[in-house]
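Please examine the sequence and the three-dimensional model shown below before reading further. The explanation is meant to be followed with the structure in view.

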Amino acid sequence: QSIKTAPRDGSTILLLWGKTGIDGISQGRYRAENEKFPWEFIDENGDNWIVNHAVDTEYGPTHWLPIINN
């Protein structure tokens with residue numbers, strides 16, 4: 001789904017990057033208190049996992065999917 005429809009209440013979702021959403025996929029959430037980089041997501045840095053942040057513009061995540069817990 002378009003990132004414009006993503007929840008902005010802190011819910012954990014899957015964030016996708018790129019025109020078709022296949023350039024990258026990360027678990028993340030929207031953090032309104034970080035006005036400059038509100039998208040918080042898990043990123044891989046070599047062998048380590050880090051929390052990274054992205055802008056809420058065309059340079060940030062482009063699509064999203066819900067996380068379904070069964």
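The paragraphs below go from the chain as a whole to its strands and their pairing.

The model is a predicted one. Its chain contains 5 strands and 0 helices, and the order of these elements along the sequence can be written as β-β-β-β-β. The radius of gyration is 11 Å, close to the 11 Å that the globule rule gives for 70 residues, so the chain is as compact as a globular protein of that length. Measured out along its principal axes, the C-alpha trace spans about 30 × 30 × 30 Å.

How much of the chain counts as buried? Of its 70 residues, 27% fall into this class, where buried means under 20% relative accessible area. The accessible surface of the chain amounts to about 5,000 Å², and carbon and sulfur atoms contribute 50% of this surface. As for charge, the chain carries 10 negative and 6 positive side chains. The centres of these two sets are 7 Å apart.

Contacts also show how parts of the sequence are brought together. Among the contacts in the chain with a separation of 6 or more, 42% are between residues 24 or more positions apart.

Strand 1 is a suitable place to begin with the individual elements. It covers residues 13–17 and is mostly covered, since 4 of its 5 residues are buried. With which strands does strand 1 pair in the antiparallel sense? One partner is strand 2, residues 24–30, which is joined to strand 1 over 5 bridges. Another is strand 5, residues 63–66, which pairs with strand 1 in the antiparallel sense over 4 bridges.

Individual residues make these pairings easier to locate. On the side of strand 2, tryptophan 17 has glycine 24 as its bridge partner, and leucine 16 has isoleucine 25. On the side of strand 5, the bridge partner of leucine 15 is tryptophan 64. A general point helps in reading such pairs: in a regular strand, the side chains alternate between the two faces of the sheet.

The path can then be followed from strand 2 onwards. Strand 2 pairs with strand 3, residues 39–45, again in the antiparallel sense, over 3 bridges. Here tyrosine 30 stands opposite tryptophan 39, which belongs to strand 3. Strand 2 therefore has pairings with both strand 1 and strand 3, as strand 1 has with both strand 2 and strand 5.

Note on methods. Residues are numbered from 1 along each chain as its sequence is written. This is a predicted model: local features need pLDDT of at least 70, side-chain atom pairs count only at pLDDT 80 or more; totals for chains, interfaces and linings use all residues. Side-chain values use heavy atoms; hydrogens and water are left out. Helices (H or I, at least four residues) and strands (E, at least two) are DSSP runs, numbered from the N terminus. The radius of gyration is taken over C-alpha atoms; the globule rule is 2.2 Å times the number of residues to the power 0.38. Buried means under 20% relative accessible area, exposed over 50%, partly exposed in between (1.4 Å probe, protein chains only). Contact means heavy atoms within 4.5 Å. Accessible areas come from the Shrake-Rupley method with a 1.4 Å probe; for residues, only the protein chains shown count as cover. Lys and Arg count as positive and Asp and Glu as negative; His and the chain ends are not counted. The place of a charge is taken as NZ of Lys, CZ of Arg, CG of Asp or CD of Glu. Two strands pair if DSSP finds at least two bridges between them.
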